[in-house]
Amino acid sequence: MGVPAFGWAKGAQSYLGEVRGEFKKISWPSRRMVTNETIIVLVFVAVLTTLITLFDWIFALISNRFLV
């Protein structure tokens, strides 16, 4: 690395060197894969939100009709 390190600095230098090595091993997803998975998640969230809203509306209708 060039600069001699002592004590905690040597540990930090070693740690950062290991982090750099691990980053080289990462298999990053392609832009297309990230876009597709983001769209899937957004659609799933929209569907679940719609279902929860629908069930809430139905249960409110039932409770207002029979309990009040």
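Glutamate 22 is partly exposed, at a relative accessible area of 45%. This residue shares a salt bridge with lysine 25. The model is predicted. The chain has two helices and zero strands. Two side-chain contacts are covered below, one charged and one aromatic.

**Overall fold and surface**
- The chain counts 68 residues, and buried ones make up 1% of them.
- Its accessible surface is about 6,700 Å².
- Carbon and sulfur atoms account for 71% of that surface.
- Helix α1 spans residues 8–25.
- Helix α2 spans residues 31–66.

**The salt bridge in helix α1**
- Side chains of opposite charge can pair when their charged atoms come close.
- One salt bridge turns up in a search of the whole structure.
- It joins the side chains of lysine 25 and glutamate 22, with 3.2 Å from N to O.
- That pair qualifies because 3.2 Å falls within the 4 Å cut-off.
- Both partners, lysine 25 and glutamate 22, belong to helix α1.
- They sit three residues apart, about one turn of the helix.
- Lysine 25 has a relative accessible area of 63%, so this residue is exposed.
- Glutamate 22, at 45%, is partly exposed, because the exposed class starts over 50%.

**The aromatic pair in helix α2**
- A pair of aromatic rings is described by the distance of the centres and the angle of the planes.
- The structure holds one such aromatic pair.
- Phenylalanine 55 and phenylalanine 59 form it, with 6.3 Å from centre to centre.
- Their planes make an angle of 20°.
- The pair counts as stacked, because planes under 30 degrees apart are classed that way.
- Phenylalanine 55 and phenylalanine 59 both lie in helix α2.
- Four residues separate them along the chain, about one turn of the helix.
- Phenylalanine 55 has 45% relative accessibility, so this ring-bearing residue counts as partly exposed.
- Phenylalanine 59 reaches a relative accessible area of 55%, so this residue is exposed.

Key
Residues numbered from 1 in each chain as written. Predicted model: local features only at pLDDT ≥ 70, side-chain atom pairs only at ≥ 80, totals over all residues. Heavy atoms only, no water. Phe/Tyr/Trp six-rings, centres within 6.5 Å; stacked < 30°, edge-to-face > 60°. Buried < 20%, exposed > 50% of the residue type's maximum accessible area, 1.4 Å probe, protein only. Areas by Shrake-Rupley, 256 points an atom, 1.4 Å probe, with all protein chains shown as cover.
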